[in-house]
Amino acid sequence: MSATPIAVRRPLWRRLIGFNMLTGLALGCGGWFLGGWIGGWMAVHHNYLQSATSCNGCGGTDQNDVGIYMGYLFAVIGWLVGLGFLNYPIARLRGRPPSMKHHETTSWTRYFKLCTDHKVVGIQYLFGVGIFFFIGGLNAMLMRTELLRPVEQPWPAGQYLTLVSLHGTMMIMMTSAFILGPFGNYFVPIMIGARRMAFPRIESLTFWLVPAAGLILMSAIAFGGLPFGWTGYAPLADQARAGADAYVMAFILISISLTLVGLNLMATILTMRAPGMTWRRLPIFVWGVLSTSVLQVLAAPVLLATMTMVLMDRATNTSFFLASAGGSQYLYENLFWFFGHPEVYILALPGFGIVLEILPVFARKPLWGYPLAVAGMVGVTLLSFMVWQHHLFVSGLNAGLRPFYMLTTELISIPTGFIFLNAMGTLWRARIRFTVPMLFALAFFFNFLIGGLSGVFVSDVPSDVTTHGSYFVMAHFHYTIMGGLVFAFFAAVYYWLPKMLGVTLNETLGKIHFWLMFVFFNLTFFPLFAAGFLDMPRRVSTYAPGLQTLNDFVSASAFVLGFSMLIFIANLVWSLVFVREPAAENPWASRGLEWQLPTPIPVDNFERIPVITNGPYEYGVAGAAPVAQLTPGALPAAGS
Amino acid sequence: MASAAVPIADEAPELLARNIRVGARIWAASQAFFFMAFFFAFLYLRALNTNGLWRGWPNTHKPHPSLAFGIVIMICVVAGAVVARGATLLPTRTWRVAAAGAAFLELAAVGLQCAQFSSLGFGPTDGAYASVFVGWTGLFALMLFGTVYWLATVISDFGRAVATPAFRGAAVEAVSFVLIVLAGIEFVAFILLYVVA
Amino acid sequence: MTEIAGNEIVPQRVPHHWWKIVGTWLVLVAISEPLIVLVLGPHLPPGRMSAEAGAQTDANVVLTALLVPIMLLVWVVFVYSFVVWRSRDAAVVDGPPIKGHAGTQLLWIVITGAIVIALAAWGSYTLVASSHGAGGGQGPNPADQPKGASHALAIQVIGQQWEWTFRYPSYGGFESRDLAIPDHTLVAFHVTSLDVTHSFWAYGLGVKADAVAGVDNVAYVNARKTGFFQIRCAELCGLWHGHMAKKGRVLSFAGFQAWAKAAKTKNAAIQKYLSPYNPWYFPAPLRRAG
C-alpha cells in the first residue's frame with residue numbers, strides 16, 4: 001500500500017506573503033510616498049510645473065498638483081506590482097513565460113489575487129463593483145438628508161457638493177461595468193462554448209484597476225472634495241482643489257479598465273465561439289455585451305485623452321480649456337460628451353441584453369423577434385456616437401446644428417423601442433411565471449418606458465430649454481439608468497446566483513426587496529419630474545421654500561428605497577452564510593448553455609469544446625434539439 | 001499586451017493566433033480614437049483662436065518646434081512600421097532581424113522625441129498650440145514606447161521552442177498592424193503640428 | 001424536463017385579444033387626453049409670460065399629449081399579459097413557439113419612425129422658424145434670429161461666482177444687480193461669464209443660456225405680460241450654485257424707461273470703475289501663466 005503524500009498546508013501568515021491584494025496595498029502605500037517625493041522634486045526643478053496659482057481668471061490654489069499626480073501614479077504602479085501584474089511581461093521578455101494553467105483552483109485566497117479564471121474575475125467584479133454601488137447609494141441617502149430643508153443643513157455647501165460628485169462618479173464610472181463585469185466576464189465564455197477568455201491576464205487587470213480607482217476617488221474627501229459633479233466641467237475643474245486630481249486619476253484608471261474590458265469581450269466573442277454557434281444562435285445577452293464592447297473600445301479612449309488634458313491643465317498650466325489663455329470650455333464639453341453619451345448606452349445596453357435573456361425563460365416562449373432585437377442593439381450602438389450635442393443645446397455651441405442633433409436623438413428612440421416590441425411579443429400568449437428575476441425584468445420595462453419617453457421631452461430643443469439642468473433631466477436619467485440598469489442587475493443576480501455561487505436566494509426576501517424597491521423607486525423619482533418643471537436646478541442644496549413638501553416626500557421615499565437594498569444584503573448574508581441551501585443545477589428549467597453545466601462550473605468550463613446544435617430560446621418547439629452536444633464524438637474543428 | 005503562453009490542452013493551436021490578430025485590430029481602433037481627441041482639439045482651438053492666443057502670447061516669440069526633428073521622428077516611425085509590416089512578407093528566418101530593426105527605428109523615434117522636448121524653446125504654458133503640441137507628441141511617444149516593449153517581447157518569443165510558427169507569425173503581424181496605425185497617426189500629427197500649425 | 005404544451009396556434013383567438021387591448025386603451029386615452037390638454041396643460045411650465053415661453057409650453061403640452069397614449073398602450077399590453085397569460089400550472093409548462101411576425105414588426109417600425117420624424121420636423125420648425133430659438137442660448141452668431149433682431153434691445157447678463165449682474169449698453173452701459181425688461185419688445189440677452197460656466201435661467205420668460213467665459217451667448221425673448229420672473233443658475237458653478245437666484249421684472253415700456261433712468265443714477269458711483277462694455281471680459285490682465 002503506497003503512502004499518499006499529504007500536501008502540507010502552510011500556515012496562514014506564510015500564505016499571505018506573495019503577490020496578492022495585501023502586497024498590493026503595501027507597495028501602493030510605498031509608491032504614494034515615493035511618487036510624492038519625486039513629484040515634489042520635479043516641481044521645484046521645472047518652472048512650468050507649478051500649481052495653478054497664476055491661472056488667469058480662475059482663482060488659484062497652492063497645491064502641488066504634480067506631487068499629487070506622481071504620488072497616485074506610483075501608488076497604482078505599486079498596487080499592480082504587488083498583485084503580480086508585472087511578473088508575466090518580465091518573464092516573457094526574458095523568454096520564459098509561465099503557462100496559462102490556473103495554479104490555484106480551490107483556495108478562497110484566489111479571489112484576492114491575479115487569477116486568470118474568468119469565473120473568479122466575475123465574482124471579484126460582483127463584490128468589488130457592488131461595494132462602490134452601495135457607497136454611492138449611501139451618498140445618495142446623505143444627499144436626500146440635506147434636501148429635507150432648503151438650507152445647508154446638516155452638511156455645509158462644500159461637503160454637500162462632494163457628496164453629489166461622489167454619488168455621480170461612483171454610480172456612473174465605478175459601476176460602468178455593473179453588468180459586464182460580473183456577468184459578462186462570468187458567463188460570456190460559457191455561453192459561447194469557450195473555456196477561457198481571449199486575454200485572461202488583461203481581464204484580471206481590468207478588475208484590479210477598479211478598487212484602485214475607487215480608493216483614489218474616495219481619497220478626494222481628504223483633499224478638499226469635488227465641487228463639480230460627475231461631469232467635471234473645466235474651468236471649474238481647473239479651479240478646484242486637490243480633490244480634482246483624485247477625480248482625474250480615477251477616471252484615467254477607469255477609462256483604461258473600460259477599454260480593456262471591451263477589447264477582451266469583443267475579441268472573445270469574435271474568435272472563440274464554439275463550432276455551430278452561428279450569429280443567429282448567439283444568446284441575446286452576448287449580443288448586448290458585443291454592442292457595449294464596441295462602445296467601450298471606441299468611446300473610453302476619448303475620455304482618457306480628455307482627462308490627460310485636464311491633468312496637463314492643472315499640473316503644467318497648459319491652456320486646453322482656459323479661455324483666457326487660448327483654450328476653450330467648449331472643447332471640454334465636446335470631448336467629454338463625445339464619450340459621455342456612448343457611456344450612458346454602455347450603462348443601458350447590457351440591461352437590454354439581460355432582460356431579453358430572462359424574459360423567454362419565464363414566459364416559456366422563444367424570444368419574439370430575435371433579429372429585431374439584434375438590429376435594435378446595433379442601431380443604438382451606431383447612433384449613440386452621433387447624438388452627443390444634445391447635452392449642449394443651450395450652451396451657445398453650434399446652434400445651427402441643433403436640428404440635426406435633435407433628429408439623431410429622436411431617431412435613436414426607434415431602435416431603443418424595438419426591445420419593447422420584443423418584450424410584448426414574448427409575453428403574448430405566454431405562460432408567465434412571476435419569479436423574482438422575472439419581476440425585476442418586467443419592472444425594467446415599466447421604468448425604462450417612463451425614462452425613455454421623458455427622453456423625448458429633453459431631445460426636443462424647445463422643451464429642453466425648459467428642462468436642461470433641472471431635476472427633470474435628473475429624473476429622466478435615474479429612470480433609465482437606475483430603473484433600467486440597476487433593476488436589470490438585480491434580475492441578473494437573482495437569476496444567475498444559483499449557478500455562480502451554488503446557493504439559492506430566499507424567495508420571500510427577494511419579493512419583499514423587489515416590491516419595496518419598485519414602489520419606492522417610483523415614489524422617489526416620479527415627483528422629481530415635477531420638481532424640474534417647478535424650477536428646481538440640479539446639484540443644489542437650497543430650493544424655493546414652496547418645494548419643501550415635495551422634497552420631503554422624495555427624501556422619505558428615498559430612505560425606504562435605501563432600506564430595500566439592506567433587505568437584499570440581508571437576503572445575501574442569510575442565504576450565503578446561514579442557510580446555504582444548495583441550488584439545483586437548473587432551477588429555472590432554462591435552455592441556456594450555462595444551465596446545462598454542473599454547479600459549480602468546472603475550472604475549464606467544458607471537458608471538450610461543445611458543438612452547438614440549436615438556439616437557446618426554443619421553448620415550446622416540439623422535438624427541439626438540445627442547445628449543444630457537451631461531449632461531441634469527434635474532436636472539434638478549429639473555429640466556427 | 002497579449003497573453004500568449006502555453007495553450008490549454010486540446011485547444012486549437014490557431015486560437016491564440018486568432019486572439020492576437022483580432023485583439024490587435026481592436027487595440028489599434030482604440031488608439032486611433034484616443035489620438036482623434038487631440039486631432040479635434042487642434043482643429044477646434046485653432047478655429048476658435050480665443051483671445052488671439054492660439055499661437056502664443058503677445059510680445060513673446062511664437063512657439064516654433066524644430067522642423068528637422070519633426071521630419072526625422074516621423075520618418076523613423078513610418079519606416080519602423082513599414083519594416084515590421086514587411087517582415088511578415090519575408091521568410092520566417094529573417095523575421096527576427098526585421099523585427100529588431102523595426103524596434104530600433106521606433107526606439108530611435110522615442111529617443112529623438114525626448115531630445116526634442118529638452119531643446120524645445122517653448123513650454124506647455126505658451127498658448128493653445130503649444131499645449132496641443134506637448135500633449136500630443138508626449139503621449140504619442142509614451143504609446144510608442146509601450147508598443148516597442150510589446151515588439152521586444154514578440155522578438156524574445158523567437159527564442160522559445162514552445163511558441164508555434166503560426167503564433168509567431170500572428171504576433172509579428174499583430175504588432176506590425178498596430179505600428180502601421182500609429183505611423184498613420186504620426187503622419188497626421190506631423191502634417192497638423194508642423195505644416196498646418 | 002419541461003412539458004411542451006399542445007399546439008395552440010389557433011388563428012381566431014388573436015383578434016379577440018386585440019379588441020380587448022385596443023378597446024381598453026381607447027377608453028384610457030379618451031379619459032386622459034382631455035385631462036392632459038385641458039387640466040394639466042395650462043399648468044405646464046414655463047407659462048405664457050413671453051412668446052418663447054409660450055412656444056415651450058406648447059411643446060410640452062403636445063409632447064405630453066402624444067407620449068402618454070404610447071405609454072398607456074404599452075402598459076395595457078403588459079398588464080393584460082400578466083392577467084390573462086399568467087401560468088396557472090405548478091409544473092413548468094411551455095407556451096406556443098411564436099418567434100416573430102413580420103407584419104407587426106414592419107408596422108411598429110413604420111409607426112415609431114413616423115412619430116419620431118414628425119416630432120423632429122415639428123421641433124425644428126418651432127425652433128428655427130416660429131419661436132426663433134425658443135429662448136435658448138444660441139452663441140455669438142445666432143442661427144435662428146427673429147425679425148428685427150438687429151434692433152433688439154441688448155441686455156448683457158454677466159455670471160460670476162456667485163451672482164448675476166446686468167449691463168445695459170443702450171443706456172450708457174451701466175451695471176446693475178437687478179434685471180428689468182420692457183414688454184412687447186424684442187430683447188437680446190448677451191450672456192457671458194467672468195470665471196467658470198454658469199447658466200442663466202429665467203424661468204417665467206423661458207430663457208436659458210449658458211454663461212461661458214470668453215463667449216457672448218445670445219438668447220432672444222419677447223415678453224408679453226408684465227410681472228416678476230424667477231432667475232436661477234442652471235449649471236453647477238461651485239459652492240453657492242443654488243444661491244444664484246433672484247427675481248427679475250417685466251415692465252411696460254414707459255415703466256422700463258423710468259426704471260433704467262433711476263437705476264443708472266443709483267449705480268453712477270461705480271461707473272468709473274467698470275471696464276468699457278465688451279461682449280466678454282477677462283478679469284486679469286493678459287499675461288503668461290506660471
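**Exercise 1. The domain interface of chain C**

State how many salt bridges the rule finds across the interface of domain 1 of chain C and domain 2 of chain C, then describe the two domains and their contact.

Solution.

Step 1. The rule finds zero salt bridges across this interface, a salt bridge being a side-chain nitrogen of Lys or Arg within 4 Å of a carboxyl oxygen of Asp or Glu. This is a predicted model, in which local features need pLDDT of at least 70, side-chain atom pairs count only at pLDDT 80 or more, and totals for chains, interfaces and linings use all residues. Residues are numbered from 1 along each chain as its sequence is written, chains are lettered from A and ligands numbered from 1 in the order in which they are written, and side-chain values use heavy atoms, with hydrogens and water left out.

Step 2. Domain 1 of chain C covers 2-85 + 105-130 and domain 2 covers 149-271; the bounds come from an automatic or database domain assignment. Their C-alpha centres lie 39 Å apart.

Step 3. Contact (heavy atoms within 4.5 Å) joins nine residues of domain 1 of chain C to 15 residues of domain 2 of chain C.

Step 4. The two domains of chain C bury about 870 Å² between them, with 56% of it on carbon and sulfur atoms. Buried area is the accessible area (1.4 Å probe) that two parts lose on being put together, summed over both.

Step 5. Six residue pairs, both at pLDDT 80 or more, are in polar contact across the interface of domain 1 and domain 2 of chain C. A polar contact is a pair of N or O atoms within 3.5 Å; within protein, one must be able to donate a hydrogen and the other to accept it, and residues adjacent in sequence count only if both atoms are side-chain atoms.

Step 6. On the side of domain 1 of chain C that touches domain 2 of chain C, five residues are nonpolar, two polar and two charged. Here Ala, Val, Leu, Ile, Met, Phe, Trp, Tyr, Cys and Pro count as nonpolar, Asp, Glu, Lys and Arg as charged, and the others, Gly among them, as polar.

**Exercise 2. The domain interface of chain A**

Which three residues supply the most of the area that domain 1 of chain A buries against domain 2 of chain A, and which residue forms a salt bridge with A:R314?

Solution.

Step 1. Domain 1 of chain A is 24-50 + 61-99, and domain 2 is 111-579. The centres of these domains, taken over C-alpha atoms, are separated by 30 Å. Domain 1 of chain A brings 22 residues to the contact and domain 2 of chain A brings 28.

Step 2. About 2,000 Å² is buried between the two domains of chain A, 70% of it on carbon and sulfur atoms. A:Y69, A:Y72 and A:F85 account for 35% of the area that domain 1 of chain A buries there, more than any other three residues.

Step 3. One salt bridge is found across this interface of chain A. A:D65 forms a salt bridge with A:R314, where the closest N and O atoms are 3.2 Å apart.

Step 4. The count of residue pairs in polar contact between the domains of chain A is four, both residues at pLDDT 80 or more. Helix 2 (21-45) and helix 3 (65-83) of chain A are the elements that give two or more residues to the side of domain 1 that touches domain 2. Helix 3 of chain A has the largest share of that side, ten residues. By class, this side of domain 1 of chain A has 16 nonpolar, five polar and one charged residues. Helices (H or I, at least four residues) and strands (E, at least two) are DSSP runs, numbered from the N terminus.

**Exercise 3. Chain A against chain B**

Describe chain B by its elements, then find which helix of chain A gives the most residues to the side that touches chain B.

Solution.

Step 1. Chain B has five helices and zero strands. The C-alpha trace of chain B spans about 70 × 25 × 20 Å along its principal axes.

Step 2. Contact involves 58 residues of chain A and 53 residues of chain B. The area buried between chain A and chain B is about 4,600 Å², and carbon and sulfur atoms give 68% of it. A:R92, A:R196 and A:T271 lose the most area to chain B within chain A, together 14% of what that side buries.

Step 3. Across the interface of chain A and chain B, the rule finds zero salt bridges and nine residue pairs in polar contact, both at pLDDT 80 or more.

Step 4. Helix 4 (87-93), helix 8 (200-219), helix 10 (243-271), helix 11 (284-315) and helix 12 of chain A each supply at least two residues of the side that touches chain B. Helix 11 of chain A gives the most, with nine residues. The side of chain A that touches chain B has 36 nonpolar, 16 polar and six charged residues.

**Exercise 4. An aromatic pair**

Classify the pair formed by the rings of A:Y332 and A:F336.

Solution.

Step 1. Rings of Phe, Tyr and Trp (its six-membered ring) pair if their centres lie within 6.5 Å; planes under 30 degrees apart count as stacked, over 60 as edge-to-face and the rest as tilted. By this rule there are 93 aromatic pairs over all chains.

Step 2. The ring centres of A:Y332 and A:F336 are 5.7 Å apart and their planes stand at 15°, so the pair is stacked.

Step 3. A:Y332 and A:F336 are four residues apart in helix 12 (residues 329-363) of chain A, and therefore about one helical turn separates them.
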